[in-house]
Amino acid sequence: MEAQKYLNQYGIKSTKARQGIVKVLCQANAPLNFDQILASMEIRIDKATFYRNMALFESKAMVNKFESDERKWYYELMPSDHAHFICESCHSVQCVDMPLPPSVDGKQVTSAILKGRCEKCGEKL
């Protein structure tokens, strides 16, 4: 989906920075962190602008955010409830298509984090 239309869908005013962030997230096939998103953008923005926009996107339920083992925040457009796999060796992050329970002990589940070794690192054993 075009970045402009995506922003309009969530009632967010379009700016070049917002369009750039959304364009990168639309093209991503896995969650991305700050450095990965900025490296893929066609324009340059500062850290404060990035995090201000991500906070806005979160408040509109447009993005999902979670923290990895290396204390980095990862972002993805809010597609559906699903799990993430974090490799304990190379720290890569991947989406995992698996059913999640709707709730656990009365708490709504929207994401889960699985840890282990990815296929690439598992072959090194």
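Two strands count as paired here when DSSP finds at least two bridges between them. Keep that in mind for this predicted model, starting with the sheet.

**The sheet**

In β8, Ser111 is the bridge partner of His82. That bridge belongs to a set of six joining β4 to β8, and these two strands run parallel. On the β5 side things go the other way: β4 (residues 82-87) and β5 (residues 93-96) are antiparallel, held by four bridges. Phe85 sits opposite Gln94 of β5. Here are the two pairings next to each other:

| Strand pair | Bridges | Direction |
|---|---|---|
| β4 and β5 | four | antiparallel |
| β4 and β8 | six | parallel |

Put together, you get an open sheet of three strands in the order β5-β4-β8, with mixed pairing. Why do β5 and β8 each have one side without a neighbour in the sheet? Both stand at the edges with a single partner strand each, so one side of β5 and one side of β8 (111-116) stays free of a neighbouring strand. From one strand to the next, the twist averages 30 degrees. As background, strands of a sheet pair through backbone hydrogen bonds, either parallel or antiparallel.

The β4 and β5 hairpin has five residues between its strands, and His91 in that hairpin takes a positive phi near 65 degrees.

**Two crossing helices**

Now for the helices. The axes of α2 (residues 16-27) and α4 (residues 47-59) come within 10 Å and cross at roughly 70 degrees. Angles of 65 to 115 degrees count as roughly perpendicular, and α2 and α4 are therefore roughly perpendicular to each other. The crossing of α2 past α4 is right-handed.

Which residues meet there? From α2 come Ala17, Arg18, Ile21, Val22 and Leu25, and from α4 come Thr49, Phe50, Asn53, Met54, Leu56 and Phe57. By type, this contact has eight nonpolar residues, two polar and one charged.

**Tyr75**

Last stop: Tyr75, which lies in strand β3 (residues 73-77). Is Tyr75 buried or exposed? Its relative accessible area is 2%, and under 20% counts as buried, so Tyr75 is buried. Leaving out residues up to four places away in sequence, Tyr75 touches Leu25, Pro31, Leu32, Ile37, Phe50, Tyr51, Met54, Glu58, Asn64 and Lys65. Some of those names should ring a bell: Leu25 of α2 and both Phe50 and Met54 of α4 are also among the residues where the two helices meet. The C-alpha atoms of Tyr75 and Ala30 are 8.8 Å apart, although 45 residues separate the two along the chain.

Technical notes. Residues are numbered from 1 along each chain as its sequence is written. This is a predicted model: local features need pLDDT of at least 70, side-chain atom pairs count only at pLDDT 80 or more; totals for chains, interfaces and linings use all residues. Side-chain values use heavy atoms; hydrogens and water are left out. Buried means under 20% relative accessible area, exposed over 50%, partly exposed in between (1.4 Å probe, protein chains only). Contact means heavy atoms within 4.5 Å. Axes are lines fitted to C-alpha atoms, for helices over the stretch in contact, and angles run from 0 to 180 degrees between N-to-C directions. Angles under 35 degrees count as roughly parallel, over 145 as roughly antiparallel, 65 to 115 as roughly perpendicular and the rest as oblique. A crossing is left-handed if the near helix is turned anticlockwise from the far one by less than a right angle, and right-handed if clockwise. Ala, Val, Leu, Ile, Met, Phe, Trp, Tyr, Cys and Pro count as nonpolar, Asp, Glu, Lys and Arg as charged, and the others, Gly among them, as polar.
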